[in-house]
Amino acid sequence: MQLVLEKRAERSNTIALVSPLIAIGLTIVTMVILFAILGKNPLLALHAYFIAPLTDSYSLQEIAVKATPLVMIAIGLSLCYLANAWNIGAEGQFLVGAVAGSWIAVKTQGTDAGAWVLPAMFVLAAAAGALYALIPAICKVKFGASEILTSLMLVYVADLLLDYLVRGPWRDPNGFNFPTTAEFDSVATVPLLIEGGRLHLGSIIALLVVAAAAILLGRTIKGFEIRVVGAAPRAARFGGFNANQLIILTFAVSGALAGLAGIIEVAGPVGHLQPGISPGYGFTAIIVAFLGRLNPLGILIAGLFLALTFIGGEQAQIAMKIPLDVTKVFQGMLLFYVLACDSLILYRFKLSFPNRQVARGTH
């Protein structure tokens with residue numbers, strides 16, 4: 001007797017709808033077991049992770065701040081994944097955007113530059129992110145190289161570039177030898193929405209990105225083309241859609257959004273460029289994209305949920321001495337269960353009896 005996966009005759013819409021909830025439920029069950037192994041009260045740990053951050057206004061602002069880069073990056077990734085193009089290097093595009101936008105802030109430091117600085121930083125960051133994303137896209141189209149490997153390897157190049165700049169030519173001479181630039185001038189920082197908090201204009205930009213993506217995918221020919229090329233490549237070819245051009249386009253848009261998210265993070269909550277500006281936003285955004293079913297509204301909800309795990313993990317570390325790395329374990333398990341549950345959309349489990357079939361064949 002064998003347990004095998006059998007392809008469904010039709011896609012299960014019911015499982016497609018509930019699979020994210022099943023994945024979250026399974027992840028929470030797994031985390032309860034992990035908390036028990038660590039000697040922590042599972043109920044108190046879950047309260048610290050998922051309830052406590054929702055009871056404090058400052059924590060709610062922090063959730064929105066954390067969700068901003070996650071949602072922006074995940075929206076771009078969803079366009080790639082819907083087109084069957086696999087951008088895994090959004091983390092690198094995020095860092096390159098942060099570096100490129102920070103260049104303007106560093107060069108205009110103390111020069112009394114005008115209000116043009118912040119928009120210019122946004123434009124340059126988005127352009128840098130797009131160009132960086134085009135490297136694996138062009139390698140894929142022209143040479144058939146795996147975009148998964150090339151985009152992933154470029155993450156380390158971007159990380160080392162940032163590290164070199166803040167430890168070398170851009171390091172603040174008055175920064176006590178810490179690897180960081182000087183604090184950005186006020187014209188190079190993202191405006192706050194609430195006085196005394198950290199909620200900033202980037203959150204509004206993220207909502208506009210979600211709305212734009214919803215319109216693109218739901219009401220435009222280009223959005224229809226993205227869906228068709230990803231879901232039915234042969235039909236797309238017969239329809240005259242160019243898959244290679246779409247790979248270039250979706251990678252460029254994805255990189256631009258990641259780069260824009262990078263400079264918003266640096267010019268917003270951080271206020272200067274330094275190593276470790278990202279706790280892994282580019283990789284966590286992959287989870288956000290799939291948990292949100294590659295749908296803009298779903299990504300917004302998933303982004304808020306994953307942001308909650310970041311803030312909850314910090315509170316659990318303070319209140320219960322739970323290692324912060326447990327948050328990464330949670331996010332990794334969530335991705336595992338999301339992909340596992342997604343397989344049930346197209347396949348179902350079936351018991352197979354190969355010995356019985358062989359016996360029938362001999363008779």
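Is Arg-198 buried, partly exposed or exposed? Keep that in mind as you open the structure, which is a predicted model.

**Stop 1: Arg-198**

Select Arg-198 and look for it in the loop that joins helix H6 (147–167) to helix H7 (201–219). With a relative accessible area of 28%, Arg-198 counts as partly exposed, because that label covers values between 20% and 50%. Now add Glu-62 to your selection. Although 136 residues separate Arg-198 and Glu-62 along the chain, their C-alpha atoms are 7.0 Å apart.

**Stop 2: helix H3**

Next, pick residues 57–82, which make up helix H3. You should have 26 residues highlighted, with 36 Å between the first C-alpha and the last, close to the 38 Å expected at 1.5 Å a residue. Go to Ala-67 and you'll find a bend of about 30 degrees in H3. Pro-69 is the proline that follows within four residues of that bend. Switch on a surface if you like: H3 is mostly covered, with 22 of its 26 residues buried.

Then check what sits around the two ends of H3. Asp-56 caps the N-terminal end, placing a side-chain oxygen 3.2 Å from the backbone nitrogen of Tyr-58. After the helix comes Asn-84, which has a positive phi, near 65 degrees.

**Stop 3: helix H10**

Move on to residues 243–270, helix H10. What span do the 28 residues of H10 reach from first C-alpha to last? The answer is 39 Å, close to the 40 Å expected at 1.5 Å a residue. H10 is largely enclosed by the rest of the structure, since 20 of its 28 residues are buried.

This helix has a cap to look at as well: a side-chain oxygen of Asn-242 lies 3.0 Å from the backbone nitrogen of Asn-244, at the N-terminal end of H10. Following H10 you'll meet Gly-271, with a positive phi near 90 degrees.

**Stop 4: H4 against H10**

Keep H10 on screen and add helix H4, residues 90–107. The two axes come within 7 Å of each other and cross at roughly 55 degrees. That angle makes H4 oblique to H10. Turn the view so one helix lies over the other, and you're looking at a right-handed crossing.

**Stop 5: H1 and H2**

For the last stop, select helix H1 (residues 13–37) together with helix H2 (residues 42–51). Their axes are 9 Å apart, and the pair packs at an angle of about 125 degrees. That makes H1 oblique to H2. Here too, H1 passes H2 in a right-handed crossing.

Definitions and conventions: Residues numbered from 1 in each chain as written. Predicted model: local features only at pLDDT ≥ 70, side-chain atom pairs only at ≥ 80, totals over all residues. Heavy atoms only, no water. Helix = DSSP H or I, 4+ residues; strand = E, 2+ residues; numbered from the N terminus. Expected span 1.5 Å × (residues − 1). Bend = angle between axes of the 7 residues up to and from the residue. Buried < 20%, exposed > 50% of the residue type's maximum accessible area, 1.4 Å probe, protein only. Polar contact = N/O pair within 3.5 Å; in protein donor to acceptor, adjacent residues only side chain to side chain. Axes fitted to C-alpha atoms, helices over the stretch in contact; angles between N-to-C directions. Parallel < 35°, antiparallel > 145°, perpendicular 65-115°, else oblique. Left-handed = near helix turned anticlockwise from the far one by under 90°.
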